Structures are given as structure tokens and as C-alpha cells.
Amino acid sequence: MNKLNLYNKNFINDYLKQNKIELRKNLGQNFVIDKNLIDTLLSTADLTIHDTVIEIGAGMGSLTAELLKTGARVIAVEIDNRLIELLKHHFGHDPNFVLIEGDILRKNTMDKLKQYLPADRSIKVIANVPYYITSPILTLLLSSDIFFSDIIITIQKEVAQRITASAGTKKYSAISVFINYYGYARIIETFSPASFFPNPKVFSSILRIKIYDKKPVVSNHPKYFHYFVKLCFTERRKMIKNSILNILKSWNVDKNGFDYKNCFEKLSIDTAARPETFNVKQFIGLADAFRTVCPSNIKKKYD
Ligand code: SAH
């Protein structure tokens, strides 16, 4: 088969036609055609032969090809069996390449993937992920028992801005707190729709999450903590005191059972404060205190 020229729109168009592949919008199929974007991902990742890379949504393989050139081991996941055939054809001979067909969000795909993960190598996620599932992918990766050192992904610009927002700013949200619990996130560079084919409607940013070797603050009930953060952000502009009292009421829990004043004081939270100003430590402290008065069926759900 002909040599791949994945930075050229016309080549991709012809190639897809030859292989009778019509792109599926609902799978977020926008392929990178900008070498500069791929170079930026690679220079951020700083790969060596000692690294194992997980690539989610390999597509036609424009990133895969460059990842393999570094000598790192590449484990690619792709849902579309038509693209799987192309990927097998072009990279299947490389001993450093593992291809997993499946939906990254399904348990059996993750189980397969885990079989290939070495215990003694650094594991990095590097990908232009399908945007429609950015948050579920991040939730899945970070709450799994796999230890990643880095997650470097291209995502929609607005989502990247929310993830990296600081406490007290307008864009600060549940996902900022969630990510910040696991690591330090920053935007490396932003790219226009012209970097992809077909052009998406949105701008894209490369986001790097450097996972903490040791978390600065640890929650003993991470699931409950994430649930609580989401709950708080549904009323981000309201005073936390009022939101909490309302939630207790909706649960039929006696509000006097929760000494919020004492709890706020310990966490240096003002009684008029709004959740959009809390840092991770304050959210964890508040979630732990709130958990003690939470009905057991809800507590169980987030254990
Ligand atoms: N990384 C490639 C392709 C990006 S497009 C590039 O840089 O060009 C996103 C890719 O993710 C598509 O190939 C799509 O088929 C795949 N994909 C979409 N949903 C997926 C899922 N749930 N699990 C695995 N792959 C998925």
C-alpha cells in the first residue's frame, strides 16, 4: 500500500475514499493534519525507550507514527474497526506496537489494556482524544489504579480552560477540583480548527496534567469527595451554608446534627463563602464532615 501522508488533506480524503471509509461524526473523528501540533505533544512528553504510552483514539495514526519513532512502547486503543484495519496494516509489524480494538470507556477494554502495562516503566497517556468523551476519559484514567506520570492530551479549548482555572475565578468548576486533586494541569498551546481534518467547530488546546508522585492532600473517600464537589457546583453562586442546609432538608436530616460553624472555622471558610472559592483541601474537609450526616444509602453509593 502507498506511503502515508497524513498531514495532507487531499491525501486523507483520497485514502478514505479508496478504503470506502466515511467518517463518523458521532465518534469525534477529526484527524490531526498539523505537524506542529504533533511536535508540540512530543516535545512536552519527552519520551524515551523506557516509556509506555497509551494512545486513546489512534484514528489514522498520524500521532501513532511519531510516538513509535521515539522507541517508546505504544498501546493504542481505537473503537472503529475500519481504522483498526489501517492501523494494523501500517504499524502491525512494529514490535513496540500494541493495538486494542474497543471502547475505552468499557471495562473489558481497560482490562485488556492493563495486561500490557509494565510495573517498572513510566506510563504516559498521549492522545488527541475524541472530544465528546473528554471528561469521562479523564475520570476513568484518574480514578483507575494505574499510575500515570503524565497525561498529555489535545482537548477542546474551553474544557482545558475550565480544568486549569484557579479557585475564585469564573471558569473554576467541579472538573478543575477533580483534576487538581490528582495532579497539576496547565495549557501548553492552543490550535485553530485548521489543524484538523475535517475542521472541528472549536479551537483545541494541548493540556498537560503532571500527576503528583505524592498527593498534597488525600481524601479517604475520593468517590464521595467528587460527588460532593459536583453537588456544591450545582449552586456555585449560592452561599455554601444555605446550599448545605437545603440539601440536609431534602434528605430529611435534622440540620442541628451538622455543626457547620465549627466545621467552617476549622477549614478557614467564611460563613458567607461560595463553593466556587474553595480549594481542594477545603472541599475534602467539608466533604468528610458532611459525609458523617449523609444518609447511608447515598454514602454507600459513593464508597
Ligand atoms: N488521534 C487521531 C484521531 C483523533 S480523532 C489523530 O490525532 O488524528 C478521535 C479518534 O477516537 C477517532 O479515530 C475515533 O474513532 C476514536 N474514538 C472515538 N470514540 C472512542 C472510544 N470510545 N474509544 C476509543 N476510541 C474512540
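Guide: In this predicted model, a residue counts as buried if 20 or more other C-beta atoms lie within 10 Å of its own.

Visitor: What makes β6 largely enclosed by the rest of the structure?

Guide: Set against that cut-off, 7 of the 9 residues of β6 are buried, so this strand is largely enclosed by the rest of the structure. The chain reaches β6 from β5 through α6, in a β-α-β crossover that is right-handed.

Visitor: Why is this crossover called right-handed?

Guide: The term applies because, with the strands pointing away from the viewer, the path from the first strand over the helix to the second runs clockwise. Here the path goes from β5 through α6 to β6, and it is right-handed.

Visitor: How do you know that β5 and β6 pair?

Guide: Two strands pair if DSSP finds at least two bridges between them. Strand β5 (residues 122–128) and strand β6 (residues 148–156) are joined by 6 bridges, therefore they meet the criterion. They run parallel. As for residues that face each other, A127 stands opposite I153 in β6. Helix α6 (residues 134–142) packs on the sheet and touches β2 (51–56), β5 and β6, with its direction at about 175 degrees to that of β6. Another opposing pair is I126 and I152, the latter in β6.

Visitor: What is the sense of the pairing between β6 and β9?

Guide: It is antiparallel, over 7 bridges. I155 stands opposite S205 in β9, and the bridge partner of I152 in β9 is R208.

Visitor: What makes β9 mostly covered?

Guide: Of its 8 residues, 7 are buried, by the C-beta count already given. On the β7 side, 8 bridges join β7 to β9, and the two run antiparallel. T190 stands opposite S205 in β9. Helix α8 (residues 174–182) lies across β7 and β9 (204–211), at about 120 degrees to β7.

Visitor: Why is the pairing in a sheet described as parallel or antiparallel?

Guide: Strands of a sheet pair through backbone hydrogen bonds, and this can happen in either sense. In this sheet of 7 strands the pairing is mixed. The sheet is open and has the order β4-β3-β2-β5-β6-β9-β7. Its edge strands are β4 (97–101) and β7 (183–191).

Visitor: What makes β4 and β7 edge strands?

Guide: Each of them pairs on one side only. Across the sheet, neighbouring strands are turned by 15 degrees against each other on average, direction ignored.

Visitor: Which residues come nearest to the ligand?

Guide: There are 23 residues around the ligand, and F31, G57, G59, N128 and P130 come nearest. At least two residues of the shell are supplied by each of β1 (31–32), α3 (62–69) and β3 (73–78).

Visitor: How many residues of the shell are nonpolar, polar and charged?

Guide: The shell has 13 nonpolar, 7 polar and 3 charged residues. Gly is counted as polar, which places G57 and G59, two of those that come nearest, in the polar class.

Visitor: How many residues does the protein have, and what percentage count as buried?

Guide: The protein has 303 residues, of which 36% count as buried. It has 13 helices and 9 strands. Its C-alpha atoms fill a box of roughly 75 × 40 × 30 Å, taken along the principal axes.

Terms used
Residues numbered from 1 in each chain as written. Predicted model: local features only at pLDDT ≥ 70, side-chain atom pairs only at ≥ 80, totals over all residues. Near = placed C-beta within 6 Å. Helix = DSSP H or I, 4+ residues; strand = E, 2+ residues; numbered from the N terminus. Axes fitted to C-alpha atoms, helices over the stretch in contact; angles between N-to-C directions. Contact = placed C-beta atoms within 7 Å. Buried ≥ 20, exposed ≤ 12 C-beta atoms within 10 Å, placed from the backbone.
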